[in-house]
Amino acid sequence: MKNTVITFKEAKQKGEKLTMLTAYDYSTAKLIDEAGVNSILVGDSLGNVMLGYEDTISVTMEDMIHHGAAVARGAKNALVVIDMPFMSYQTGVYDAVVNAGRLMKEGRAGAVKLEGGKEVCPQIKAITEAGIPVVAHLGLTPQSINAFGGHKVQGKTEAAAKKILEDAKAVEEAGAFAVVLECVPAKLAELVTKSVSIPTIGIGAGNVCDGQVLVYQDMLGMFSDFTPKFVRRFANVGEVMTEAFKEYCKAVSEGTFPEKKHEYTLSDDVLEKLY
Ligand code: KIV
């Protein structure tokens with residue numbers, strides 16, 4: 001069944017957990033969709049896991065549209081959420097609406113996600129009023145990595161925890177239909193989850209959120225540059241891939257691949273005429 005913003009709303013009301021995974025290409029999106037995951041996030045984490053940048057700062061609108069459109073072609077039932085990249089909305093309400101519109105028209109997003117609390121509420125309100133569903137993102141927001149001074153757990157002090165709680169209420173009030181909570185203490189995420197009526201989607205935010213999201217390369221063991229504490233490895237696909245690549249090299253160098261069954265035939269008549 002097609003997942004929409006209504007699915008998210010009803011899941012929270014019924015106490016049913018929501019699932020979200022990232023994807024950045026057609027074939028991965030298809031596999032995730034077929035597995036019945038509620039939502040696919042085309043995260044700007046593609047800067048790290050697909051493009052090899054050390055952070056998400058250099059990711060462009062064109063990157064997000066290019067990968068988003070590929071994912072949208074592969075996702076039949078999952079709700080596709082595309083991240084708004086750094087400086088595509090922070091510069092003002094007009095830019096935010098225009099760029100969110102491009103992610104819908106050119107990237108075929110079902111919703112957009114942007115980072116920040118009260119400071120981006122005018123953008124959330126304007127994008128929502130333009131008919132574009134918005135997911136907010138609080139806690140460790142990677143586009144502010146330079147302001148945080150690194151990948152650090154957020155909301156540990158009274159003031160920081162209060163800000164996250166107030167920001168969650170503010171983004172709901174501005175029109176966001178869900179909020180991602182990244183790298184915050186589990187007890188704080190629980191309090192936020194109980195304090196807002198939109199679903200909270202946790203990543204490094206404990207078990208009491210309304211849903212969970214992971215970067216698919218992390219949960220499949222395909223990305224080894226950095227593995228955060230909150231990741232569970234559900235499979236070792238990276239190891240399987242490396243083994244297969246080695247087997248391929250061996251088979252080609254030993255001449256055991258390709259075999260007869262992989263060949264195309266040419267009739268003897270044609271062949272004779274070539275000599
Ligand atoms: O970019 C991303 O993949 C994200 C998730 C980590 C929530 O924002």
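Is Leu266 buried, partly exposed or exposed, and what is its relative accessible area? Leu266 is partly exposed, at a relative accessible area of 48%, where buried means under 20%, exposed means over 50% and partly exposed lies in between, computed with a 1.4 Å probe on protein chains only. The model shown in these views is predicted, so local features need pLDDT of at least 70 and side-chain atom pairs count only at pLDDT 80 or more, whereas totals for chains, interfaces and linings use all residues. Residues are numbered from 1 along each chain as its sequence is written, and side-chain values use heavy atoms, with hydrogens and water left out.

**View 1. A nonpolar surface patch that includes Leu266.** Leu266 lies in the loop between α11 (237-254) and α12 (268-274); helices (H or I, at least four residues) and strands (E, at least two) are DSSP runs, numbered from the N terminus. Together with Val270, Leu271, Leu274 and Tyr275, Leu266 forms a nonpolar patch with about 570 Å² of accessible area. Patches are made of residues with over 30% relative accessible area and no salt bridge, with like charges joined within 9 Å and nonpolar side chains (Val, Leu, Ile, Met, Phe, Trp, Tyr) within 5 Å; accessible areas come from the Shrake-Rupley method with a 1.4 Å probe, and for residues only the protein chains shown count as cover.

**View 2. The surroundings of Ser39 in strand β2.** Ser39 belongs to strand β2, which spans residues 39-42, and counts as buried because its relative accessibility is 0%. A polar atom of the Ser39 side chain lies 2.8 Å from the backbone oxygen of Leu79. Beyond its neighbours within four places in sequence, Ser39 is in contact (heavy atoms within 4.5 Å) with Phe8, Thr19, Met20, Leu21, Ala78, Leu79 and Val81.

**View 3. The buried side of helix α9.** Within helix α9, residues 186-195, the buried residues are Leu188, Ala189, Glu190, Val192 and Thr193. Among the elements that cover these buried residues are α1 (5-14), α8 (158-174), β6 (178-182) and β7 (200-203).

**View 4. Lys163 and its two acidic partners, Glu119 and Asp167.** A salt bridge is a side-chain nitrogen of Lys or Arg within 4 Å of a carboxyl oxygen of Asp or Glu, and a search of the whole structure finds 14 of them. Glu119 forms a salt bridge with Lys163, with the closest N and O atoms 3.8 Å apart. Glu119 lies in the loop between β4 (111-115) and α6 (121-129) and Lys163 in helix α8, so this pair ties together parts that are 44 residues apart in sequence. Asp167 also forms a salt bridge with Lys163, here with the closest N and O atoms 2.8 Å apart, and both residues lie in helix α8, 4 residues apart, about one turn of the helix. Glu119 counts as exposed at 53% relative accessibility, Lys163 as partly exposed at 41%, and Asp167 as buried at 5%.

**View 5. A salt bridge within helix α11.** The side chains of Glu254 and Lys250 meet in a salt bridge at 3.8 Å, N to O, and the two residues lie 4 residues apart in helix α11, about one turn of the helix. Lys250 is partly exposed, with a relative accessible area of 45%.

How values were computed:
Polar contact = N/O pair within 3.5 Å; in protein donor to acceptor, adjacent residues only side chain to side chain.
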